Amino acid sequence: MKTRGFEVITAYKDKGIETPVRGTAHAAGYDFAAAETVEIAPGEIKLIPTGIKAYMQTGEVLYLYDRSSTPRKKGLVLANSVGVIDSDYYDNPNNEGHIFSQCLNITDKTVTVTKGERIIQGVFMPFLIADDDDASGVRVGGFGSTGS
Ligand SMILES: O=c1ccn([C@H]2C[C@H](O)[C@@H](COP(=O)(O)OP(=O)(O)OP(=O)(O)O)O2)c(=O)[nH]1
Ligand SMILES: [Mg+2]
């Protein structure tokens with residue numbers, strides 16, 4: 001039975017992409033790697049492809065966080081602080097649910113992220129809904145797909 005987990009995006013199949021794994025038996029975070037080698041200029045924000053989509057139950061969310069070592073070692077932080085990956089992002093018609101890491105280079109030099117380098121971590125969590133919530137829209141993409 002499929003409950004929650006990760007799959008490789010169709011366009012990245014056979015490109016040596018591994019699904020995210022946890023580093024230790026009790027780690028909360030699944031480490032995501034860059035699916036391509038990307039250069040980020042000083043002060044620039046770039047969407048780094050992970051080649052991964054995530055499925056989960058209704059009422060669950062996948063949060064993307066910085067790895068604690070990444071700011072000091074790479075000079076990169078998540079520009080959106082925390083990435084919120086909705087369950088209805090999976091297999092959406094625009095981009096199949098491709099998860100991107102929105103990285104900001106906080107150094108004064110160009111930073112190279114190498115394919116296969118672990119850059120962020122994802123944590124699955126349940127979330128709560130407010131009273132009288134009648135949201136019924138259908139997600140067709142991400143990154144502003146529901147309007148500004
Ligand atoms: O770091 C991130 C943040 C979001 N997403 C994807 C998954 C998420 O389900 C979707 C929408 O994210 P969010 O709701 O945070 O952004 P938005 O600007 O409100 O876009 P939308 O209008 O598409 O909801 O974009 C990522 O791949 N990486
Ligand atoms: Mg949104």
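**Exposed loops, a nonpolar core and a ligand shell**

Ser81 is exposed, since 10 other C-beta atoms lie within 10 Å of its own, and a residue counts as exposed at 12 or fewer. This residue belongs to a predicted model, and its place is the loop that joins strand E8 (76-78) to E9. The backbone at Ser81 also deserves a look: phi is near 65 degrees, a positive value in a residue that is not glycine. Glu96 offers a companion case, with a positive phi of about 65 degrees, although Glu96 is not a glycine. The loop between E9 and E10 holds Glu96. In terms of burial, Glu96 counts as partly exposed, because 16 C-beta neighbours fall inside 10 Å, a number between the limit of 12 or fewer for exposed residues and that of 20 or more for buried ones.

Before going further, a word on confidence is in order. The average pLDDT of the protein is 97, and 100% of the residues score at least 70. For the model as a whole, ipTM is 0.98 and pTM is 0.98.

The overall fold comes next. The secondary structure of the protein amounts to 1 helix and 12 strands. Followed along the sequence, these elements are arranged as β-β-β-β-β-β-β-α-β-β-β-β-β. The radius of gyration is 16 Å, close to the 15 Å given by the globule rule for 148 residues, so the protein is as compact as a globular protein of that length. Along the principal axes, the C-alpha atoms fill a box of roughly 50 × 35 × 30 Å. Among contacts with a separation of 6 or more, 74% link residues 24 or more positions apart. Of the 148 residues, 23% count as buried.

What do the buried nonpolar residues form? In soluble globular proteins, nonpolar side chains tend to be buried together. In this model, the largest nonpolar core has 21 residues, and the members that touch the most others are Phe32, Ala34, Ile48, Ala54, Ile85 and Ile119. Two or more residues of this core come from each of strand E3 (30-33), strand E6 (52-55), strand E7 (60-66), strand E10 (100-105) and strand E12 (118-126). E3 supplies the largest share, 3 residues. Ile85 can serve as a worked example: leaving aside residues up to four places away in sequence, Ile85 touches Ala54, Val61, Leu62, Leu64 and Ile99. Ala54, like Ile85, is one of the core members that touch the most others.

Which residues come nearest to ligand 1? Of the 16 residues around ligand 1, these are Gly83, Tyr89, Gly142, Ser145 and Thr146. Strand E9 (83-86) and E10 are the elements that give two or more residues to this shell. The most, 4 residues, come from E9. Sorted by class, the shell around ligand 1 has 8 polar residues, 7 nonpolar residues and 1 charged residue.

The remaining exposed positions give a feel for distances across the chain. Ala11 sits in the loop between strand E1 (5-8) and strand E2 (21-22). With 12 other C-beta atoms within 10 Å, Ala11 is exposed, because the class takes in residues with 12 or fewer such neighbours. Although Ala11 and His98 are 87 residues apart along the chain, their C-alpha atoms are separated by 10.0 Å. Gly16 is also placed in the loop between E1 and E2. There, 10 other C-beta atoms lie within 10 Å of Gly16, so the residue is exposed. Between Gly16 and Ala35 the C-alpha to C-alpha distance is 8.6 Å, for 19 residues of separation in sequence.

Is Arg72, in helix H1, buried or exposed? Helix H1 spans residues 70-74 and includes Arg72. This residue is exposed, because 7 other C-beta atoms lie within 10 Å. Arg72 and Gln102 stand 30 residues apart along the chain, and 17 Å separates their C-alpha atoms.

Note on methods. Residues numbered from 1 in each chain as written. Chains lettered and ligands numbered in written order. Predicted model: local features only at pLDDT ≥ 70, side-chain atom pairs only at ≥ 80, totals over all residues. Core = buried A, V, L, I, M, F, W, Y, C linked by C-beta atoms within 7 Å. Contact = placed C-beta atoms within 7 Å. pLDDT = per-residue confidence, 0-100. Near = placed C-beta within 6 Å. Nonpolar A, V, L, I, M, F, W, Y, C, P; charged D, E, K, R; others polar. Rg over C-alpha atoms; globule rule 2.2 N^0.38 Å.
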